[in-house]
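The exercises below ask you to read packing, strand pairing and burial from a single model. Work each one on the structure before turning to its solution.

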Amino acid sequence: MIDYHIHTNHSIDASGTLAEYCQKALEIGLEEICFTNHCELDPQRNDSFMRFNGNPEPVSNAGLINLQHEVFEVRDRFARKGLSVKFGIEVGYDPGIENKLQAITTGLELDFVIGAIHCLDHICIDSSRECGKYFDMHDVEEYISNYLNAVSNLVSSKLFDSIAHIDVYKKYGLGYYGEEIYNAPREVMAQIFKSIKENGIAMEINTAGMRFMSEFYPAPTLMKMAREHGLERITIGSDSHKPADLGKDLEPAIAYLRSYGFHTIYRFENRRPIALRI
Ligand SMILES: [Zn+2]
Ligand SMILES: [Zn+2]
């Protein structure tokens, strides 16, 4: 089994060292893990940080080079024990970050880059503290429409290998708006799936949804549509923010994928997809 979405204590909202995660991966029998720490680049927010030796520092090229050294160190150390370790990042997408992303990733040997929508109008809708501020200003149709528009921009930016937790907007939206949160317009979703396929990026099955709301990201209706639109490239991750969550619900996620007719997941090396039969 592989886990392609992991945050260590380099992310300001996560705990656990690289080595602790590697050790845990061996204990639970994972064959490959990919570290994907947060890279939030929105200049209008104050969360563009990474933590080194316990201290938050603004996300920078030098910081990412340091992180790469640390990842390569555990990669080499744990390769001898039979664990494969990959180097990735999770980027919060906002139109306009392209140049900054290019600048901070120069010289890096990244295996995998996930794109995520965490913010709308610079407000984090993936935060229990902040989301109410956004929800109070928008009805449910506007919220869904703005979120999906952001997803469409992310997909067509061609910057990413996979889209993270594609329906994360439901996480706090369900509690605020109720079941209407599931009424994403089918024609808009169809267009997004078409674009995901055309742009050759992957869609992630993210098991954190199981821990927050007893449902994977993406929800069953979206899985069905994804299959109908011929999506093939799938990545899989726990989105763990602490070692205890590493690998959580990956086996049920594989069963979930199979139940919709998916028989392949993808790992990445130097940003090239490699198919794995499931
Ligand atoms: Zn995320
Ligand atoms: Zn994440």
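**Exercise 1.** Identify which residues of helix H1 meet which residues of helix H2, and classify the relation of the two axes.

*Solution.* In this predicted model, the contact is made by Leu18, Ala19 and Cys22 on the H1 side, which meet Glu70, Val71, Val74 and Phe78 on the H2 side. Sorted by character, the residues of this contact comprise 6 nonpolar and 1 charged, with no polar residue. Turning to the geometry, the axes of H1 (residues 18–28) and H2 (residues 61–79) come within 10 Å and cross at roughly 30°. Because angles under 35 degrees count as roughly parallel, H1 is roughly parallel to H2. The handedness completes the description, since H1 passes H2 in a right-handed crossing.

**Exercise 2.** Determine in what order the strands of the open sheet follow one another, and which strands stand at its edges.

*Solution.* The open sheet is formed by 7 strands in the order E1-E2-E5-E6-E9-E10-E11, and the pairing is parallel. Strand E1 (2–6) and E11 each have a single partner strand and stand at the edges, so one side of each is left without a neighbour in the sheet.

**Exercise 3.** Establish how strand E10 is joined to strand E9 and to strand E11, and whether its residues are buried or exposed.

*Solution.* Begin with E9 (residues 162–163), which runs parallel to E10 and is joined to it by 2 bridges: Ser162 stands opposite Ala202, while Ile163 has Met203 as its bridge partner. Continue with E11 (residues 234–237), where 4 bridges make the connection to E10, again with the strands running parallel; here Ile236 is the bridge partner of Ile205. Next, consider the directions of the residues: Ala202, Glu204 and Asn206 point one way from E10, whereas Met203 and Ile205 point the other way, and all are buried. Since 5 of the 5 residues of E10 (residues 202–206) are buried, the strand is largely enclosed by the rest of the structure.

**Exercise 4.** Decide whether Leu120 is buried or exposed, and list which residues it touches beyond four places away in sequence.

*Solution.* Leu120 is found in strand E7 (residues 119–120). A residue is buried if 20 or more other C-beta atoms lie within 10 Å of its own, and Leu120, with 21 C-beta neighbours inside 10 Å, therefore counts as buried. Leaving aside residues up to four places away in sequence, Leu120 touches Ile125, Tyr134, Asn146, Tyr147 and Ala150. As a distance to check, the C-alpha atoms of Leu120 and Tyr143 are separated by 9.0 Å, although these residues are 23 residues apart along the chain.

Terms used. Residues are numbered from 1 along each chain as its sequence is written. Chains are lettered from A and ligands numbered from 1 in the order in which they are written. This is a predicted model: local features need pLDDT of at least 70, side-chain atom pairs count only at pLDDT 80 or more; totals for chains, interfaces and linings use all residues. Axes are lines fitted to C-alpha atoms, for helices over the stretch in contact, and angles run from 0 to 180 degrees between N-to-C directions. Angles under 35 degrees count as roughly parallel, over 145 as roughly antiparallel, 65 to 115 as roughly perpendicular and the rest as oblique. A crossing is left-handed if the near helix is turned anticlockwise from the far one by less than a right angle, and right-handed if clockwise. Two residues are in contact if their C-beta atoms, placed from the backbone, lie within 7 Å. Ala, Val, Leu, Ile, Met, Phe, Trp, Tyr, Cys and Pro count as nonpolar, Asp, Glu, Lys and Arg as charged, and the others, Gly among them, as polar. A residue is buried if 20 or more other C-beta atoms lie within 10 Å of its own, exposed if 12 or fewer, and partly exposed in between; C-beta atoms are placed from the backbone. Two strands pair if DSSP finds at least two bridges between them.
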